[in-house]
Amino acid sequence: MISLAGRDILHSWGKFVFTGVGLGLLIGVTLVMAGVYRGMVDDAKALLDNSGADLWVVQKDTLGPYAESSSLNDDIYRGILAMSGVAQAANVSYLTMQVRRGDSDVRAMVVGIAPGEAGRPGWPPYLIAGRQITRSHYEAVADIATGFKLGERLQIRRNYYTVVGLTRRMVSSGGDPMVFIPLKDAQAAQFLKDNDAILQQRRRSAENPALNRPGVPGLLDAVIASQSVNPYVNAVLVKIKPGYAPDEVAQSIRQWKRLTAYTLPQMEEILIGKLIATAAKQIGMFLVILALVSATIVAFIIYTLTMDKIREIAVLKLLGTKNRTIAAMIMQQAVALGLIGFAVGKITATFTAPLFPKYVLLMPGDTALGLFGVVVICVLASIIAIRAALKVDPAEAIGG
Amino acid sequence: MRGKGIRIEGLKKRYGKGDTAVDALKGVDMQVAPGEVVGLIGPSGSGKSTLLKCLGAVIEPSAGLMALGDEVIYDKGWKIRDLRALRRDRIGFVFQAPYLIPFLDVTDNVALLPMLAGVPNAEARKRALDLFKALDVENRARAMPSQLSGGEQQRVAIARGLVNRPPVILADEPTAALDSVRALAVIRILEQMASQYETAIIVVTHDEKIIPTFKRIYHIRDGITYEEAGEGRGVD
């Protein structure tokens with residue numbers, strides 16, 4: 001038995017291909033939307049994985065340092081370092097800001113990393129060019145997505161930094177690329193004011209009789225000195241010694257240091273379950289709408305194509321063609337249209353994904369699920385046309 | 001060949017019920033022998049199409065009897081369960097317009113019917129090509145319907161009606177869209193095929209060009225048939 005659907009598609013391939021391309025662009029958008037969600041999740045996981053930490057110690061009762069602000073004194077890490085099971089503990093600060101690059105600026109997460117060497121928590125785990133930060137000030141390692149080049153100078157607040165190293169896939173949970181600078185510089189950047197503001201603050205302190213007592217020499221200088229430094233960090237990243245359970249060390253820190261400590265699974269839950277949950281729901285809604293639009297379009301196209309063949313269907317029925325043969329023809333055409341659309345959509349998504357400003361991750365599992373979804377949608381969408389075709393009276397082929 | 005000719009006795013068809021009922025056929029009697037081509041003539045609304053639909057097992061008569069050869073297919077109800085198979089295997093149709101399937105080539109348009117009946121593709125196509133030789137369209141076997149002239153399309157449609165060797169062919173205004181020469185050519189072909197394949201052919205027509213060619217004519221008026229001997233000139 002010949003394939004009626006195949007012959008019809010070959011006969012009017014232009015119509016099918018152009019319709020498939022239109023549908024494919026819609027499917028491509030759907031795949032990219034799924035890729036955007038996967039990219040957000042992957043960004044969040046990359047942020048945690050690349051930090052090199054087993055525990056995140058943050059301000060008590062906060063969800064910091066990524067989902068909420070968190071502030072800790074920068075000497076707390078010493079006490080943590082002395083605790084049982086802790087191999088390394090390092091201060092870290094995060095600040096999302098616009099980093100100046102000549103006349104333009106780049107959205108980035110500036111990460112302040114404590115002095116040390118590669119492998120220390122918070123440091124970029126690998127470089128693709130250049131070297132790690134070796135000086136205490138004014139050096140930076142940037143993610144390649146920022147667009148910075150080795151040796152280029154960037155401006156954070158009032159200070160200039162030289163890019164000495166480039167890394168890759170070091171991003172915030174929002175997908176912003178990271179720029180690593182020395183911790184002291186990052187602390188200063190968080191609270192550094194312009195000269196006029198500093199002078200105004202010093203004048204106000206000097207005019208405050210509580211801070212400028214004639215009988216207490218040196219008090220004003222001490223107050224001004226304390227106002228000029230930032231002793232806070234956002235978190236302490238902890239690496240645990242082999243053989244110790246993260247949950248137990250975290251519990252110990254919570255109990256003895258009266259701080260909040262999160263393990264990796266808890267941090268993933270915060271980032272994926274809370275921080276990007278709303279965005280994920282938003283994308284999920286878009287996916288549902290796009291699926292409905294795709295189904296409607298396929299149903300409309302297949303219905304129209306079927307109605308164009310109503311006389312031929314009446315003749316086929318009069319000549320004794322079984323209903324299931326006609327139904328199969330329509331359903332096969334719908335599925336073929338879906339497959340053409342899916343192929344176009346997959347190609348479109350693959351080639352356009354790198355052009356998006358944020359990471360778009362197209363996963364094979366999502367592609368397989370998308371293919372299954374397209375086939376199901378096409379089969380369901382063809383039901384309307386099949387119903388119409390099966391209602392055609394074979395008598396319509398006979399005049400009168 | 002299953003069955004010989006067609007026999008109809010007292011065939012009635014009523015549409016609707018009660019006061020709104022319309023009797024489209026009030027008692028039709030017809031008998032067409034194998035190899036015979038008869039005309040069925042009548043004005044609009046006389047019941048021609050209803051009769052054709054009943055004969056084609058598309059609609060169910062209200063009363064009467066229909067038989068293909070010795071086998072009764074309708075007598076106060078269908079005597080055959082699979083009407084679709086009946087239409088496919090034992091009744092051939094030729095329409096006013098050829099109604100070829102536009103996305104199948106000429107051979108597959110004809111071979112589709114035996115394929116639907118379970119005949120292997122190669123055998124079905126061979127049957128089609130044999131008919132094309134008889135109908136003188138074998139050189140267009142691979143063409144698409146849109147590439148054929150009106151006369152060629154109608155010959156292919158006749159081949160489709162014949163390909164399953166049905167005992168009966170119902171031709172509904174088969175020459176309406178053709179000029180005189182082509183119309184007479186189609187009737188000549190039908191006569192040849194009827195004779196060659198022992199097929200009973202009923203030609204519904206208004207076409208005065210071809211009416212004189214029939215040896216027997218059935219007139220239908222107000223749902224009742226009257227038989228008349230035709231001029232029977234045939235086609236030269």
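Reader: How many helices and strands are there in chain A?

Author: In this predicted model, chain A holds 12 helices and 12 strands. To judge how such a chain is spread in space, one sets its radius of gyration beside the value of the globule rule: for chain A the radius is 31 Å, well over the 21 Å that the rule gives for 400 residues, so chain A is more spread out than a compact globule. The box filled by its C-alpha atoms, taken along the principal axes, is roughly 120 × 50 × 45 Å.

Reader: And what do the secondary structure and the radius of gyration of chain B come to?

Author: Chain B has six helices and 10 strands. Its radius of gyration is 17 Å, close to the 18 Å that the globule rule gives for 236 residues, so chain B is as compact as a globular protein of that length. Along the principal axes, the C-alpha trace of chain B spans about 55 × 40 × 30 Å.

Reader: What share of the residues counts as buried in chain A, and what share in chain B?

Author: A residue is called buried when its relative accessible area is under 20%. By that reading, 46% of the 400 residues of chain A are buried, while in chain B buried residues make up 57% of 236. The accessible surface can also be read by atom type: that of chain A is about 19,400 Å², with 60% belonging to carbon and sulfur atoms, and that of chain B is about 9,900 Å², with 46% belonging to carbon and sulfur atoms.

Reader: Is helix H2 of chain B enclosed by the rest of the structure or open?

Author: Here one counts buried residues along the helix: seven of the eight residues of H2, which runs over residues 83–90 of chain B, are buried, so this helix is largely enclosed by the rest of the structure. Among the buried residues are B:Leu83, B:Ala85 and B:Leu86, and also the charged B:Arg87, B:Arg88, B:Asp89 and B:Arg90.

Reader: What covers the buried residues of that helix, and which residue caps its N-terminal end?

Author: The cover of H2(B) includes helix H10 (310–318) of chain A, and from chain B it includes strands E4 (63–68), E5 (71–75), E6 (91–94) and E7 (168–172) together with helix H3 (106–116). At the N-terminal end the cap is B:Asp82, which has a side-chain oxygen 3.2 Å from the backbone nitrogen of B:Arg84.

Reader: Helix H3 of chain B holds B:Asn109; is this residue buried or exposed?

Author: B:Asn109 has a relative accessible area of 2%, and is therefore buried. Leaving aside residues up to four places away in sequence, B:Asn109 touches B:Leu100, B:Ile101, B:Leu104, B:Pro145 and B:Arg160.

Reader: Which backbone angle is singled out at A:Asp61 and at B:Glu173?

Author: The angle is phi, and the sign is what to read: A:Asp61 has a positive phi of about 60 degrees although it is not a glycine, and B:Glu173, likewise not a glycine, has a positive phi of about 50 degrees.

Reader: Where do these two residues lie, and are they buried or exposed?

Author: A:Asp61 sits in the loop between strands E1 (55–58) and E2 (72–73) of chain A, and with a relative accessible area of 68% A:Asp61 is exposed. B:Glu173 belongs to the loop between E7 and helix H6 (180–197) of chain B, where a relative accessible area of 10% makes B:Glu173 buried.

Note on methods: Residues are numbered from 1 along each chain as its sequence is written. Chains are lettered from A and ligands numbered from 1 in the order in which they are written. This is a predicted model: local features need pLDDT of at least 70, side-chain atom pairs count only at pLDDT 80 or more; totals for chains, interfaces and linings use all residues. Side-chain values use heavy atoms; hydrogens and water are left out. Helices (H or I, at least four residues) and strands (E, at least two) are DSSP runs, numbered from the N terminus. The radius of gyration is taken over C-alpha atoms; the globule rule is 2.2 Å times the number of residues to the power 0.38. Buried means under 20% relative accessible area, exposed over 50%, partly exposed in between (1.4 Å probe, protein chains only). Accessible areas come from the Shrake-Rupley method with a 1.4 Å probe; for residues, only the protein chains shown count as cover. Contact means heavy atoms within 4.5 Å. A polar contact is a pair of N or O atoms within 3.5 Å; within protein, one must be able to donate a hydrogen and the other to accept it, and residues adjacent in sequence count only if both atoms are side-chain atoms.
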